[in-house]
Amino acid sequence: MGGTNRFMVAALEEARKAADRDEVPIGAVIVLDGEIIARAGNMTRQNNDVTAHAEIAAIRYACEALGQERLAGADLYVTLEPCTMCAAAISFARIRRLYYGAQDPKGGAVESGVRFFNQPTCHHAPDVYSGIAETDAGQILTDFFHAKRG
């Protein structure tokens, strides 16, 4: 993982922890002023909550830590391209920059699918940077699903 951004490394750690809990291995961290203020992995099975995606959990934790509903100036690092639900949460939270690893042609909504941030109804679009540690992020998912099917 030489040269991989340290914040994406932390998101990958959260993805691995999610896999250890038998969750789809997606991890996210929120960074403000160069410091991680929140981190989470998927928790949909653990919480019996379809909205407990890594991005939304991290947004909830960051808002709680800061005592506010929006995260202007914060950056989100996530291992997989966000879905429509998470893209909307990212927009509503006013996340400044989104960095993600692997693309999700089936469920993604940033550069795949509905391209949420390009819609005229989207009130705030973060700067988007994709392909960060893409190989590592994709491999974690591939290994998880191969183990499930194997």
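**Sheet architecture and helix packing**

In the predicted model, strands S1 and S2 are joined as a hairpin with two residues between them, and aspartate 33 in the turn adopts a positive phi of about 50 degrees. The pairing of S1 with S2 is antiparallel and extends over six bridges. Within this pair, glycine 27 has glycine 41 of S2 as its bridge partner. S1 also pairs with S3, again in the antiparallel sense, over four bridges; here valine 31 stands opposite aspartate 75 of S3.

These strands belong to an open sheet of five strands with mixed pairing, arranged in the order S2-S1-S3-S4-S5. Strand S2 (35-41) and strand S5 (127-130) occupy the edges and have a single partner strand each, so one side of each is left without a neighbour in the sheet. From one strand to the next, the twist averages 15 degrees. A parallel pairing is found between strand S4 (residues 97-102) and S5, over four bridges, and arginine 97 stands opposite aspartate 127 in S5.

Helix H1 (residues 6-20) packs on the sheet, where it touches strand S1 (27-32), S2, strand S3 (75-80) and S4, and its direction makes about 145 degrees with that of S1. Helix H5 (residues 134-149) lies across S3 and S4 and runs at about 60 degrees to S4.

The covering of S1 is reflected in its burial, as six of its six residues are buried. Gly27, Val29 and Val31 point one way from the strand, whereas Ala28, Ile30 and Leu32 point the other way, all of them being buried.

H1 and H5 also pack against one another, at an angle of about 5 degrees and with their axes 10 Å apart. The two helices are therefore roughly parallel. On the H1 side the contact is made by Leu12, Ala15, Arg16 and Ala19, and on the H5 side by Asp136, Ala137, Ile140 and Phe144. By class, this contact of H1 with H5 comprises six nonpolar, no polar and two charged residues.

Helix H3 (residues 54-66) was examined for its length and its packing. At 1.5 Å a residue, its 13 residues should span 18 Å, and the end C-alpha atoms are 18 Å apart, so the span agrees with expectation. The buried residues of H3 are Ala54, Glu55, Ile56, Ala57, Ala58, Ile59, Ala62 and Cys63. These buried residues pack against S1, S2, S3 and helix H4 (84-92). Glycine 67 follows H3 and has a positive phi, near 65 degrees.

Outside the regular elements, valine 114 is placed in the loop between S4 and S5. Its relative accessible area is 43%, and valine 114 is therefore partly exposed, a class lying between the limits of 20% for buried and 50% for exposed residues. When residues up to four places away in sequence are not counted, valine 114 touches Thr84, Gly108, Ala109 and Gln119. Valine 114 and alanine 89 are 25 residues apart in sequence, and their C-alpha atoms are 15 Å apart in space.

How values were computed:
Residues are numbered from 1 along each chain as its sequence is written. This is a predicted model: local features need pLDDT of at least 70, side-chain atom pairs count only at pLDDT 80 or more; totals for chains, interfaces and linings use all residues. Side-chain values use heavy atoms; hydrogens and water are left out. Two strands pair if DSSP finds at least two bridges between them. Axes are lines fitted to C-alpha atoms, for helices over the stretch in contact, and angles run from 0 to 180 degrees between N-to-C directions. Contact means heavy atoms within 4.5 Å. Buried means under 20% relative accessible area, exposed over 50%, partly exposed in between (1.4 Å probe, protein chains only). The expected span of a helix is 1.5 Å times one less than its number of residues. Angles under 35 degrees count as roughly parallel, over 145 as roughly antiparallel, 65 to 115 as roughly perpendicular and the rest as oblique. Ala, Val, Leu, Ile, Met, Phe, Trp, Tyr, Cys and Pro count as nonpolar, Asp, Glu, Lys and Arg as charged, and the others, Gly among them, as polar.
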